[in-house]
Amino acid sequence: MGTQAPNDDKTYNQTEMDEKLAREKAINDWLPITSARNAKWWYSAFHNVTAMVGAGVLGLPYAMAELGWGPGIVILVLSWIITLYTLWQMVEMHEMVPGKRFDRYHELGQYAFGEKLGLYIVVPQQLVVEVGVCIVYMVTGGRSLQKVHNIATGCSVDQTDCKKNIKLTYFIMIFASVHFVLSHLPNFHSISGVSLAAAVMSLSYSTIAWTTSLHKGVVENVQYGYKAKSATGTFFNFLAALGEVAFAYAGHNVVLEIQATIPSTPEKPSKGPMWKGVIFAYIVVALCYFPVALVGYYIFGNSVTDNILVTLERPKWIIATANMFVVIHVIGSYQIYAMPVFDMMETLLVKRLNFRPTFKLRFITRTTYVAFTMFVGITFPFFSGLLGFFGGFAFAPTTYFLPCVMWLAIYKPRKFGLSWWCNYICIFFGVLLMVLSPIGGLRSIIVQAKTYKFYS
């Protein structure tokens, strides 16, 4: 009898281990990031386009007006190069440990900085970015719907001659109603159709924005000097514009989660198709960003508004169409950025708080999240100020230099070698963005808040 006890304990421990692994697998098969791994390289392409090209591209001519020709072009080109480099680093680091995949940004952070410190460094920043984008897109979607309504009913830009003036609040609520439905799609694979439509729309409305501007021609008495009358105003606007540019390159916050949907084997790792998709996406980004920013500023000078499609008035049917394209695009982009947040919430509830992974749990958490972002968007619809503030506060670290810090911590490249210099230059540029741009964005919010009436 005595000789049987160890074997019984061993059998019991093995059974317990098997049950634990089975439960872990069942949860991973339910969570949105790890439940489907059958994406192709083109999924990576349009998911990245949808994540990257968004509200930010419409604000780039305005950012150029605050930066000026020389600094504006340099910052745009530098941002494109640096963010492509840091995105390559993240794609490479996804499977740097044989047999393991870092499916989430914070998992890579935990490997680089330690279990607890990695969470504290990455999760707050990633949440600020993703929740911030969702809030800004609520406002963007609402504004674009309002613009379509105004054009259809013959309203002027200031809405003084509208037969029926409808508050922005209601348009944001209409836009949010779509997400109360779409947010219940389970994972990245299930929103592929929405994401593809959004990617096509982003290229379409960007093209409409700059071609329509060209067709309009340079406005009379165009001025390329800084808009602000004082040196202080010019300085703060310059800082806010840095944040607006940073906001335009925010796709890094979902790149590991997108790569997690691609199948991987030792012979064919996921980084191959993922990188192919990223290159395609960045070509599309260049085709969208540079013409819109440069042509928009060239045509309108410093009279351009914080949304180029609002500045354009004619031909009305094209502008209405472009704004509808924006609505469709930010619907998809909202879902791309919301999915990692859903994953975090559901992981916390199921793995830490031991809730059962059910549709009811998913329905309550996701509906609550959409309602929250809608409420904040309705309460604080300061479009350009939000771009500047969020752009610097969290977008710059997660996009411009956090991947470089992780690369240095994990790979430890030779001091003063090419890799070492590249990473420290990116870190220097990113830290400058992080420190300076929120100052301008916050001032912009304060200035606009002085004349703003809540829910007006």
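**Exercise 1: the end of helix 4**

Which residue follows helix 4, and what is its phi?

Solution. First, some ground rules: this is a predicted model, so local features need pLDDT of at least 70, side-chain atom pairs count only at pLDDT 80 or more, and totals for chains, interfaces and linings use all residues. Residues are numbered from 1 along each chain as its sequence is written, and side-chain values use heavy atoms, with hydrogens and water left out.

Step 1. Find the helix. Helices are DSSP runs of H or I with at least four residues, strands are E runs of at least two, and both are numbered from the N terminus. Helix 4 covers residues 60-67.

Step 2. Look at what comes next. Gly 68 follows helix 4, and its phi is positive, near 95 degrees.

Step 3. Check the surroundings. Buried means under 20% relative accessible area, exposed means over 50%, and partly exposed is in between (1.4 Å probe, protein chains only). In helix 4, 8 of the 8 residues are buried, so the helix is largely enclosed by the rest of the structure. Among them are Leu 60, Pro 61, Tyr 62 and Glu 66.

**Exercise 2: the whole chain**

Work out how many helices and strands the chain has, and what share of its residues is buried.

Solution. Step 1. Count the elements: there are 17 helices and 0 strands.

Step 2. Turn to burial: of the 456 residues in the chain, 55% are buried.

Step 3. Now contacts, meaning heavy atoms within 4.5 Å. Take the contacts with a separation of 6 or more: 86% of them are between residues 24 or more positions apart.

**Exercise 3: helix 8 and its cover**

Compare the length of helix 8 with the expected one, then find what covers its buried residues.

Solution. Step 1. The expected span is 1.5 Å times one less than the number of residues. Helix 8 (residues 168-182) has 15 residues, and the expected value is 21 Å.

Step 2. From first C-alpha to last, helix 8 reaches 22 Å, close to that expectation.

Step 3. Pick out the buried residues of helix 8, including Leu 168, Phe 171, Phe 175 and His 179. Their cover includes helix 7 (115-152), helix 9 (192-216), helix 14 (316-352) and helix 15 (359-379).

**Exercise 4: two crossings of helix 15**

Describe how helix 15 packs against helix 14 and how it crosses helix 7.

Solution. Step 1. Axes are lines fitted to C-alpha atoms, for helices over the stretch in contact, and angles run from 0 to 180 degrees between N-to-C directions. Helix 14 and helix 15 pack at about 130 degrees, with axes 10 Å apart. That makes helix 14 oblique to helix 15 (under 35 degrees is roughly parallel, over 145 roughly antiparallel, 65 to 115 roughly perpendicular, and the rest oblique).

Step 2. Their crossing is right-handed; that is, the near helix is turned clockwise from the far one by less than a right angle, and anticlockwise would be left-handed.

Step 3. Sort the residues of this contact: 11 are nonpolar, 2 polar and 3 charged. Here Ala, Val, Leu, Ile, Met, Phe, Trp, Tyr, Cys and Pro count as nonpolar, Asp, Glu, Lys and Arg as charged, and the others, Gly among them, as polar.

Step 4. Do it again for helix 7 and helix 15: their axes come within 8 Å and cross at roughly 60 degrees. These two helices are therefore oblique to each other, and the crossing is right-handed. Residues meeting here include Cys 134 and Met 138 in helix 7 and Phe 372 and Gly 377 in helix 15. The contact divides into 10 nonpolar, 2 polar and 1 charged.

**Exercise 5: single residues**

Decide whether Asn 354, Lys 412, Arg 23 and Thr 399 are buried, partly exposed or exposed.

Solution. Step 1. Asn 354 lies in the loop between helix 14 and helix 15. Its relative accessible area is 53%, so Asn 354 is exposed. Asn 354 also has a positive phi of about 60 degrees, although it is not a glycine.

Step 2. Lys 412 is in the loop between helix 16 (383-411) and helix 17 (418-450). At 61%, Lys 412 is exposed, and its phi is positive too, about 45 degrees.

Step 3. Arg 23 sits in helix 1 (residues 4-30) and is partly exposed at 41%. Leaving aside neighbours within four places in sequence, Arg 23 contacts Val 350 and Asn 354.

Step 4. Thr 399, in helix 16, has 0% relative accessibility and counts as buried. Not counting residues up to four places away in sequence, Thr 399 touches residues including Thr 83, Tyr 249 and His 252.
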